[in-house]
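Grab a pencil and work through these short exercises on a protein fold. Each one starts with a task, and the solution follows in steps.

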Amino acid sequence: MSSLPPNSSLGPGSTILPIKRPDVIAFNLKGKSALYAAWLPLLKGGGLFMQTVKPHQLGDEVLVVLSFLDEPMKLPLTGKVVWVNPAHATGNRPQGVAIQLPDTDAGKELKKKIEGILAPVAKSDRATHTL
């Protein structure tokens, strides 16, 4: 007895895999120093590091709901995990993940905005959450 619909194009022995929904991370950047610590300018398109204790793997899809500085609107971003700081990372770096900003108009606009805000400290040697 098959559990497939009558007109299914899947053959016998085919397996239907569940669809994995992306994890959701609420991320609140409250100031320029928090933005500086989270920003990854070396990634193509830029990226953001978010503290989280939930384990993630490289390549995991994540939905980020970003509260950006003092702006009232929240910005939803979808991206892939490209960096993982495990618990007890060297240099007292917090546990969490970084996503690469999406190659969309919204992602490019956010990158431009962040670079404008951080321009005065772009060459700083202060530590960040990743490097």
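**Exercise 1.** How many bridges join strand β2 to β3, and do the two run parallel or antiparallel?

*Solution.* First, the ground rules. This is a predicted model, where local features need pLDDT of at least 70, side-chain atom pairs count only at pLDDT 80 or more, and totals for chains, interfaces and linings use all residues. Residues are numbered from 1 along each chain as its sequence is written, and side-chain values use heavy atoms, with hydrogens and water left out.

Step 1: strands are DSSP runs (E, at least two residues), as helices are (H or I, at least four), numbered from the N terminus. Two strands pair if DSSP finds at least two bridges between them.

Step 2: β2 (residues 39-40) and β3 are joined by two bridges and run antiparallel. One partnership to find on screen is L40 with G47 in β3.

Step 3: look at the turn. Six residues sit between β2 and β3 in this hairpin, and G45 there has a positive phi of about 85°.

**Exercise 2.** Work out what lies along β3's other pairing, and how covered β3 is.

*Solution.* Step 1: β3 also pairs with β6 (residues 96-100), antiparallel, through five bridges. Here M50 stands opposite V97 of β6.

Step 2: check burial, where buried means under 20% relative accessible area, exposed over 50%, and partly exposed in between (1.4 Å probe, protein chains only). In β3 (residues 47-51), four of the five residues are buried. For the whole protein, buried residues make up 33% of the 131 residues.

**Exercise 3.** Which residues of α2 are buried, and why do they line one face of the helix?

*Solution.* Step 1: list the buried ones, G107, L110, I114 and L118.

Step 2: look down the axis. The buried residues of α2 fall within an arc of 65° (taken from the directions from the helix axis to the C-beta atoms), so they line one face. An α-helix has 3.6 residues a turn, so residues three or four places apart point the same way.

Step 3: flip to the other side of α2, where D105, E109 and K112 are exposed.

**Exercise 4.** Place both helices and all the strands in order along the chain.

*Solution.* Step 1: count two helices and six strands.

Step 2: read from the N terminus, and the elements run β-α-β-β-β-β-β-α.
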